[in-house]
Amino acid sequence: MTLFLLRRTGGALLVLLTLSVLVYGLFYLAPGDPARLACGERCSPQQIAQVRETLGLDRSVVTQYLHFLQGIVTGRDYSTGTSVRHCSAPCLGLSYQSDQEVTRLILERLPATASLALGALVIWLVAGVGIGLLSALRRGGITERALTVLTLAATGMPVFILGLLLLMAVCAYLRWLPFPSYVPFTVSPEQWAWNLLLPWVTLGLFESAKYARLTRGSTLETLAEDHIRTFRAYGVGERAIVTRHALRGAVPPVIALSALDVGTMFGGAVLTESLFGIPGLGKTLIDGVKVIDLPVVVGVVLVIGTAVVLANLLADLLYAAADRRVVLS
């Protein structure tokens with residue numbers, strides 16, 4: 001298990017290093033002058049040259065990338081011409097628009113995205129696994145057909161349409177809840193939960209459809225194996241077969257898919273965050289792209305990539321704990 005963990009950790013670090021090279025090259029070596037973007041359209045050539053020197057853009061590409069890595073590992077200093085400003089590690093640069101540290105800006109928006117992702121995770125696991133298991137156990141019946149129709153309908157409906165329908169039904173017509181307005185957990189845990197309830201349900205229902213199909217397929221595959229027929233022949237109860245064996249076979253693929261979805265949710269819930277006014281990473285990324293704030297865009301992309309890599313590393317560990325054969329492969 002230790003060697004398995006070391007291999008996976010080493011692979012994750014290599015992926016993160018490769019990601020930093022690709023992201024840096026994509027955004028900083030693309031056509032366009034970051035110094036002009038940081039200074040503005042009305043800056044004179046002399047002002048642009050001064051900004052380029054302040055940002056270190058007058059140096060070689062390799063030197064710029066090494067300074068970028070240095071900022072992430074140990075922090076770095078930014079010269080403003082008259083003074084030196086230190087950016088503590090992990091430093092992802094300074095925003096062109098607000099002149100704030102990108103790391104601080106991301107940390108302010110990260111709790112909102114994490115709250116959205118983890119709350120939706122609970123809903124889609126409970127709903128998806130429960131529906132998939134019930135569909136497999138009622139195979140061929142009316143219940144299985146009805147659940148199949150519901151999952152197909154949920155899969156084909158865009159998430160923003162589902163969110164709009166829930167807003168109209170719950171907030172506008174039934175008036176069970178006020179229109180969501182994000183409240184931090186530290187301010188009021190109760191208001192935090194109530195205002196995130198609709199976003200959680202929206203993402204949870206949207207994602208639960210594929211988990212229902214995955215659980216149903218894995219459960220049916222496990223129930224068709226020879227050892228399950230042997231257990232039944234020896235008189236083992238159906239409940240014990242389902243809880244101890246069928247679910248155990250369905251858990252590993254659900255774990256792997258959940259980790260991937262949670263990682264991508266840190267940047268992929270842009271529509272949900274925009275629809276419900278949640279100030280998360282997805283909305284921050286879109287706002288940075290609109291004004292071409294390169295440090296913000298690069299910082300958010302790296303954080304999202306890191307979340308995906310770490311989520312997959314966690315999935316590997318949980319997968320190995322659920323199925324020890326993975327460690328030996």
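1. Helix α7, which runs over residues 159–173, supplies 6 residues to a nonpolar patch on the surface, the largest share of that patch. The patch as a whole is formed by Phe160, Ile161, Leu164, Leu165, Met168, Tyr173, Leu174, Trp176 and Leu271, and together these residues have about 940 Å² of accessible area. The model is a predicted one, and the points below should be read with that in mind.

2. Met168 may serve as an example from the patch, since its place is in helix α7. Its relative accessible area is 40%, and Met168 therefore counts as partly exposed, the class that lies between the limits of 20% for buried and 50% for exposed.

3. Arg175 is found in the loop between α7 and α8, and its backbone deserves a look, as phi is near 55°, a positive value in a residue other than glycine. The relative accessibility of Arg175 is 68%, so that this residue counts as exposed.

4. Helix α8, covering residues 189–223, spans only 43 Å between its end C-alpha atoms, whereas a straight helix of 35 residues would span 51 Å at 1.5 Å a residue. Within α8 there is a kink of about 40° at Leu197, and this kink lies shortly before the proline Pro199.

5. The loop between β2 (84–87) and α5 (102–137) contains Pro90, and the peptide bond that joins Ala89 to Pro90 is cis, with omega at about -5°. A colleague who inspects the backbone here may wish to view this bond together with the next residue discussed.

6. Asp99 also lies in the loop between β2 and α5, and although Asp99 is not a glycine, it has a positive phi of about 65°. With a relative accessible area of 44%, Asp99 is partly exposed, because its value falls between the 20% and 50% limits of that class.

7. As for the chain overall, it holds 14 helices and 2 strands, and its C-alpha atoms fill a box of roughly 85 × 55 × 35 Å when this is taken along the principal axes. Of its 329 residues, 40% count as buried.

8. The accessible surface of the chain comes to about 18000 Å², and carbon and sulfur atoms account for 65% of this area. Where contacts between residues at least 6 apart in sequence are considered, 64% of them join residues that are at least 24 apart.

Key: Residues are numbered from 1 along each chain as its sequence is written. This is a predicted model: local features need pLDDT of at least 70, side-chain atom pairs count only at pLDDT 80 or more; totals for chains, interfaces and linings use all residues. Side-chain values use heavy atoms; hydrogens and water are left out. Patches are made of residues with over 30% relative accessible area and no salt bridge: like charges are joined within 9 Å, nonpolar side chains (Val, Leu, Ile, Met, Phe, Trp, Tyr) within 5 Å. Accessible areas come from the Shrake-Rupley method with a 1.4 Å probe; for residues, only the protein chains shown count as cover. A salt bridge is a side-chain nitrogen of Lys or Arg within 4 Å of a carboxyl oxygen of Asp or Glu. Helices (H or I, at least four residues) and strands (E, at least two) are DSSP runs, numbered from the N terminus. Buried means under 20% relative accessible area, exposed over 50%, partly exposed in between (1.4 Å probe, protein chains only). The expected span of a helix is 1.5 Å times one less than its number of residues. The bend at a residue is the angle between axes fitted to the seven residues ending there and the seven starting there. Contact means heavy atoms within 4.5 Å.
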